[in-house]
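Colleague: Could you take a close look at one part of this model for me and walk me through what surrounds it? I'd love a connected account rather than a list.

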Amino acid sequence: MVAKGFTVDLNKPLVFQVGHLEEDYEEWVHQPIVSKEGPRFFESDFWEFLTRTVWWAVPAIWLPVVSWFISMSVRMGNTASEIALMVGFGIFIWTLLEYSLHRFVFHIRTKTYWWNTLHYLIHGCHHKHPMDGLRLVFPPAATAVLCVPFFNLVKLIATPSTAPALFGGGLLGYVMYDCTHYYLHHGQPSRGVSKSLKRYHLNHHFRVQDMGFGITSTIWDRVFATLPPSKVSEKRR
């Protein structure tokens with residue numbers, strides 16, 4: 001695509017090119033290239049390596065962390081039912097955070113060089129190359145950085161004995177989200193909820209990109225009236 005005399009060369013690292021599209025970036029990034037072969041982001045092999053994550057790294061790294069946080073609340077004397085309630089509430093809060101981040105951060109409209117570049121890194125690349133299997137889940141290093149402020153926030157609003165289980169539940173919700181997201185792109189569900197979720201998510205990518213912001217469920221799209229029209233969903237069948 002050419003924008004104001006600038007051409008995006010898909011054969012070269014993309015991250016520091018896309019900003020030059022300026023106001024044309026929004027149109028360009030929502031014209032998907034459906035290929036399992038992902039583009040190169042950076043000239044540097046080190047930075048390029050950090051952008052690629054196999055899906056199984058998410059449960060392998062973060063489920064032990066989830067267990068550790070939950071065990072902290074157990075050691076502080078909470079009962080099994082109390083732990084279950086706190087973990088469940090943490091997962092519930094994650095679903096709202098999942099929806100809010102996707103709608104209000106990942107789909108923010110940008111048109112300047114650095115905002116376009118940042119948006120492409122955090123979500124635009126996924127819409128441009130939706131089948132890139134190594135960029136479907138969040139890199140663990142970035143997740144670790146974000147865990148610190150989120151845990152501190154939980155500690156502000158919860159008691160010392162409940163905060164770890166609440167945070168562990170939220171982190172478990174994140175693991176479920178990233179694994180579900182990968183499956184919706186690369187799995188082949190044949191029936192039931194998983195098939196409906198796949199259809200619903202692919203509608204977001206290929207038909208109605210300003211609706212359908214949930215990943216693990218449609219709850220918040222229903223609450224906030226951003227569920228894609230049913231007639232659009234039928235077209236994917």
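Modeller: Leaving aside its neighbours within four places in sequence, S73 is in contact with N78, I83, S161, T162, P164 and A165. Please keep in mind that this is a predicted model. S73 belongs to helix 4, which covers residues 57-75. Is S73 buried or exposed? With a relative accessible area of 0%, S73 counts as buried, because the cut-off for that is under 20%.

Helix 4 also turns up around helix 7: together with helix 8, helix 4 is included in what covers the buried residues of helix 7. Those buried residues are T143, C147, F151 and V154. An α-helix has 3.6 residues a turn, so residues three or four places apart point the same way. C147 has a second role here, as helix 7 has a kink of about 30° at C147, shortly before the proline P149. As for length, the 18 residues of helix 7 (residues 140-157) should span 26 Å at 1.5 Å a residue, and the end C-alpha atoms are indeed 26 Å apart, so the two agree.

From there we can follow helix 8 (residues 163-186) to helix 9 (residues 192-206): their axes come within 9 Å and cross at roughly 80°. That crossing makes helix 8 roughly perpendicular to helix 9. Helix 8 brings H181, Y183, L184, H185 and H186 to the contact, while helix 9 brings S194, L197, K198, H201 and H205. By type, the residues of this contact divide into 3 nonpolar, 6 polar and 1 charged.

Definitions and conventions. Residues are numbered from 1 along each chain as its sequence is written. This is a predicted model: local features need pLDDT of at least 70, side-chain atom pairs count only at pLDDT 80 or more; totals for chains, interfaces and linings use all residues. Side-chain values use heavy atoms; hydrogens and water are left out. Axes are lines fitted to C-alpha atoms, for helices over the stretch in contact, and angles run from 0 to 180 degrees between N-to-C directions. Helices (H or I, at least four residues) and strands (E, at least two) are DSSP runs, numbered from the N terminus. Angles under 35 degrees count as roughly parallel, over 145 as roughly antiparallel, 65 to 115 as roughly perpendicular and the rest as oblique. Contact means heavy atoms within 4.5 Å. Ala, Val, Leu, Ile, Met, Phe, Trp, Tyr, Cys and Pro count as nonpolar, Asp, Glu, Lys and Arg as charged, and the others, Gly among them, as polar. Buried means under 20% relative accessible area, exposed over 50%, partly exposed in between (1.4 Å probe, protein chains only). The expected span of a helix is 1.5 Å times one less than its number of residues. The bend at a residue is the angle between axes fitted to the seven residues ending there and the seven starting there.
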